[in-house]
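Colleague: I am new to reading protein models. Could you walk me through some features, one at a time?

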Amino acid sequence: MPSQSATFTLVNTHEPHRGRGRQLLKTHPEARRLITKEPITFAIIVACVGAQVLLAYMVSGLAWYWNLLVAYLVGAFFSHTLFVTIHEAAHNLIFKKTWQNTAAGIFANFPTVVPTAISFKNFHLQHHVHQGVHELDADLPDWYEAKLIRNYSIGKAIWLFFFPLFQVIRTLRCREVAAVDRFVVANIVAQLAFDAVIVYFFGWMALLYLFMSFWFSVGFHPLGARWIQEHYLTLDPEQETYSYYGRLNGINLNVGFHNEHHDLPSVPWTKLPELKALAPEFYEPLLHHTSYTRLFLRFVFDQEISLFSRITRPRREQREQTSAAR
């Protein structure tokens, strides 16, 4: 079990996925057939967007507390699935052309209320290339963030509730990543137009439902355990990426297959279980999670786990300087 620390775990090694992905393809060249596009993802986007708009209309006349309850128990699941489709679009895994994936991501973003699809893409791709590098990987907590929350249960619960806000603040440190481009602007304009239409036809309570569905889906909710599952040192002090093989993969598009995704990011969600089955010697030895609810509760109450329970690494040029000095 990892011990609670007052600092991140600093290593001077490369992230493990690129090398394992190359070795996997060398051992199993047939895995290349899994590198494809999955247009069925767009049909799921349309269905989820339609469901959220319909639910927003249905709850628009309810009291705010019923609105929030429906958002927590139902809307959060639709919203999280849409977030996964935005992730698929960010990797160009839906259609062949980049602009089509960009448009799909912006469309999937609509029920989220806040325009995040393209910004997420810009920062997420850096996470894959520079995993654990504090200046480039917005998936890592800020230093102040980890020092503020540490391993206190109430602090971790508050952190999960405000996770979307912390995630936005983190991006400010990643100054080398383009925060605004023409696609980000298009995302903002399209999102504001959608939000205005929802308010005009259904009212503010409908918009509140959509926003809280998004807020719960990535925060204080069993689904929020996904952010802990992926890279926090919850089971081993040296394994920095974990997969989740539980029931929620069925409705969240196999988002739990995180080691598989990092190893071969060009494999769409429908093929990730097949990748795992194709190369069991690469994935069966790795520790994994089977319950988001159990992990959620353990993260909050286990004082051995804190926001410092992450592996970090220096930038490439710093690693090279360290190696040269040795």
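Colleague: Where is His221 placed?

Modeller: Keep in mind that this is a predicted model. His221 sits in the loop between α10 and α11, and α11 spans 225–231.

Colleague: Is His221 buried or exposed?

Modeller: Look at the relative accessible area. Buried means under 20%. His221 has 2%, so this residue is buried.

Colleague: Which residues is His221 in contact with, beyond its neighbours within four places in sequence?

Modeller: The partners are Tyr72, Ala76, Phe77, Phe216 and Phe296. Take Phe296 as an example. His221 and Phe296 are 75 residues apart in sequence. In space, their C-alpha atoms are 7.9 Å apart.

Colleague: Now helices. How is a packed pair described?

Modeller: Two values do the job: the angle between the axes and the distance between the axes. Try helix α9, residues 182–202, against α10. The angle is about 135 degrees, and the axes lie 7 Å apart.

Colleague: Why are α9 and α10 called oblique to each other?

Modeller: Check the cut-offs. Angles of 65 to 115 degrees count as roughly perpendicular, and those over 145 as roughly antiparallel. An angle of about 135 degrees fits neither class, so α9 and α10 are oblique.

Colleague: Which residues make the contact between α9 and α10?

Modeller: From α9 come Phe194, Asp195, Ile198, Val199 and Phe202. From α10 come Trp204, Ala206, Leu207 and Leu210. By class, eight residues of this contact are nonpolar, none is polar and one is charged.

Colleague: At what angle do α2 and α10 pack?

Modeller: Helix α2 covers residues 40–59, and helix α10 covers residues 204–217. Their angle is about 130 degrees, with the axes 8 Å apart. Therefore α2 is oblique to α10. The crossing of α2 past α10 is right-handed.

Colleague: Which residues meet there, in α2 and α10?

Modeller: Gln52, Leu55, Ala56 and Val59 belong to α2. They meet Ala206, Tyr209, Leu210 and Ser213 of α10. Six residues in the contact of α2 with α10 are nonpolar, two are polar and none is charged.

Colleague: How far apart are the axes of α4 and α9?

Modeller: The axes of α4 and α9 are 10 Å apart, and the angle is about 35 degrees. Again, the crossing is right-handed as α4 passes α9. Thr102, Ile106 and Asn109 are the α4 side. Phe183, Ala186, Asn187, Ala190 and Gln191 are the α9 side. The contact of α4 with α9 has four nonpolar, four polar and no charged residues.

Colleague: Next, the backbone. What sign of phi do most residues other than glycine have?

Modeller: Most of them have a negative phi. Now look at Asn92. It is not a glycine, yet its phi is positive, about 55 degrees. Asn92 is in the loop between α3 (64–90) and α4 (98–109). At 19% relative accessibility, Asn92 counts as buried. The cut-off is under 20%.

Val113 is another case, with a positive phi of about 75 degrees, and it is not a glycine. Val113 lies in the loop between α4 and α5, where α5 is 117–129. Its relative accessibility is 11%, so Val113 is buried.

Colleague: Last topic: cysteines. How many disulfides does the structure hold?

Modeller: Zero. A disulfide needs a pair of cysteine sulfur atoms within 2.5 Å. Look at accessibility too. Cys48 is buried at 7%, and Cys174 is buried at 2%.

Technical notes:
Residues are numbered from 1 along each chain as its sequence is written. This is a predicted model: local features need pLDDT of at least 70, side-chain atom pairs count only at pLDDT 80 or more; totals for chains, interfaces and linings use all residues. Side-chain values use heavy atoms; hydrogens and water are left out. Buried means under 20% relative accessible area, exposed over 50%, partly exposed in between (1.4 Å probe, protein chains only). Axes are lines fitted to C-alpha atoms, for helices over the stretch in contact, and angles run from 0 to 180 degrees between N-to-C directions. Helices (H or I, at least four residues) and strands (E, at least two) are DSSP runs, numbered from the N terminus. Angles under 35 degrees count as roughly parallel, over 145 as roughly antiparallel, 65 to 115 as roughly perpendicular and the rest as oblique. A crossing is left-handed if the near helix is turned anticlockwise from the far one by less than a right angle, and right-handed if clockwise. Contact means heavy atoms within 4.5 Å. Ala, Val, Leu, Ile, Met, Phe, Trp, Tyr, Cys and Pro count as nonpolar, Asp, Glu, Lys and Arg as charged, and the others, Gly among them, as polar.
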